[in-house]
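Thanks for taking a look at this one with me. Here are a few notes to help you find your way around.

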Amino acid sequence: MASLADSFLADLEELSDEENYPEEETAELADAEHDGDMDMQDLESLNYDDLDSVSKLQRTQRYKDIMQKVEEALLKGERDESTFLVEEDPEYQLIVNCNSLSVDIENEIVIIHNFIRDKYRLKFPELESLVHHPIDYARVVKKIGNETDLTLVDLEGLLPSAIIMVISVTASTTTGKPLPKETLAKTIEACDRALVLDSAKKKVLEFVESRMGYIAPNLSAIVGSAVASRLVGSAGGLSALAKMPACNVQLLGTKKKNLAGMSRASALNVGFLEQTEVFQSTPEPLRARVVRVLSAKSALAARIDSVRGDPTGKAGRDFREGIMKKVEKWQEPPPAKLPKPLPVPDSEPKKKRGGRRLRKMKERYAITELMKQKNRMPFGKQEETSLGDGLGEGFGMLGQAGSGKLRISVAQSKLKPKATKKFKEKSYGSSGATSGLTSSLAFTPVQGIELTNPQALGSSLLGSGTQSTYFSETGTFSKIKRT
């Protein structure tokens with residue numbers, strides 16, 4: 001068991017260690033600050049006037065190796081049609097690298113284009129708004145140089161004649177000034193580098209398109225070799241493209257579109273598929289449907305190519321024919337609406353319910369003559385109302401016939417005679433029971449109160465039906481003496 005002195009010594013050692021730790025931490029922080037200062041010095045030392053500090057792709061070893069292999073493959077020519085490229089083949093890996101390199105070349109051309117615009121803006125600031133394509137802009141800048149009179153510069157073949165005329169008119173009124181020799185030399189060098197990168201990109205695309213028939217014959221048959229190479233390169237290989245759903249194939253190669261102001265207008269998100277011939281030849285209202293069909297069929301074709309299901313490309317050609325037939329079917333006008341003929345008259349009796357019950361129901365819900373007169377309006381006369389002066393409920397033709405009465409004679413119902421006859425046929429005689437209101441006491445003027453039989457009185461009053469209505473059977477004629 002450790003003594004008290006040993007525990008104190010251990011506590012002192014821990015305190016000494018904690019005291020040394022902040023020194024090490026401050027040293028590391030100082031090193032980090034020093035590194036940050038070095039990074040800031042490197043950023044400040046960058047010279048954006050120097051083209052090599054902006055464009056570095058052509059000096060990389062990766063660019064040189066890929067371009068050398070591409071040139072050697074183009075010199076060899078096309079491969080044998082009986083051989084197929086697989087993912088383990090070195091040429092397949094070269095194709096994948098070419099796809100990624102083509103994207104890097106496009107980005108590098110954009111960087112060089114910005115460099116050229118910054119330098120040449122002092123000479124011709126309106127040119128960048130007239131010529132938008134980076135390669136065309138580089139060619140025009142290299143052709144014009146420091147020339148102030150554009151009538152001496154031949155721009156035929158570089159741009160359309162209408163744009164050339166606009167450039168010539170704008171150059172005559174421009175506020176730019178000639179560039180210094182050093183700035184002009186850097187600008188021309190940047191233009192040459194952009195043109196070299198554009199030719200390298202064309203070589204890469206030519207090589208990839210020449211080999212896509214062996215890698216993905218069915219996919220190339222649907223969207224073309226150029227678009228197929230971009231889809232495979234963007235997805236990271238044919239197997240990755242085959243595992244991708246159709247909705248994601250449609251979005252490969254899409255770019256974010258910057259809308260003006262606070263606009264929320266939704267545009268069709270289409271990537272590389274908008275470069276296909278089928279998409280370009282389709283009318284604008286049908287392109288959203290076409291791109292969905294293209295993406296679905298491209299995904300199926302990529303799956304067929306990944307397992308070498310149809311090396312001849314027949315499935316892809318069939319898919320393309322089906323898409324074209326669908327587009328033609330969508331563009332057909334709707335069938336004309338023919339006049340519908342009347343149905344053939346049926347001579348057979350209708351199976352509709354009839355009889356006394358239906359007749360009674362119809363008469364129960366039929367519109368009465370009173371309602372008909374109330375719903376009618378006389379011509380040239382003011383309608384009588386319940387409150388007068390056109391206020392309240394109107395009476396229509398009621399009281400307008402000349403009688404001034406609101407009641408009218410209702411036509412006799414067809415069912416009334418039958419109901420009356422039936423009522424007469426029934427016997428409504430007494431059952432023999434005596435009512436509780438009858439009494440056996442009768443008041444007579446002769447004897448006063450008498451006891452009588454009410455039943456006998458009732459039977460004598462009703463009789464057998466043969467008694468006279470006017471003369472009593474028991475009474476006699478009385479003689480009245482004249483005075």
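The points below go from the whole chain to its core and then to one serine.

1. A word on the basis: this is a predicted model, in which local features need pLDDT of at least 70, side-chain atom pairs count only at pLDDT 80 or more, and totals for chains, interfaces and linings use all residues. Residues are numbered from 1 along each chain as its sequence is written, and side-chain values use heavy atoms, leaving out hydrogens and water.

2. You will find 18 helices and two strands in the protein chain (DSSP runs, H or I of at least four residues for helices and E of at least two for strands, numbered from the N terminus). Of its 483 residues, 26% are buried, meaning under 20% relative accessible area with a 1.4 Å probe, protein chains only.

3. The largest nonpolar core (buried Ala, Val, Leu, Ile, Met, Phe, Trp, Tyr and Cys residues joined through side-chain atoms within 4.5 Å) has 75 residues, and Leu127 and Leu241 have the most contacts inside it. Helix H3 (residues 90-120) gives the most to this core, with 12 residues.

4. Now look at Ser55, in the loop between helix H1 (4-45) and helix H2 (61-76). Ser55 is buried, at a relative accessible area of 1%. Leaving aside residues up to four places away in sequence, Ser55 touches Glu108, Ile112 and Arg193 (contact means heavy atoms within 4.5 Å).

How values were computed: Buried means under 20% relative accessible area, exposed over 50%, partly exposed in between (1.4 Å probe, protein chains only).
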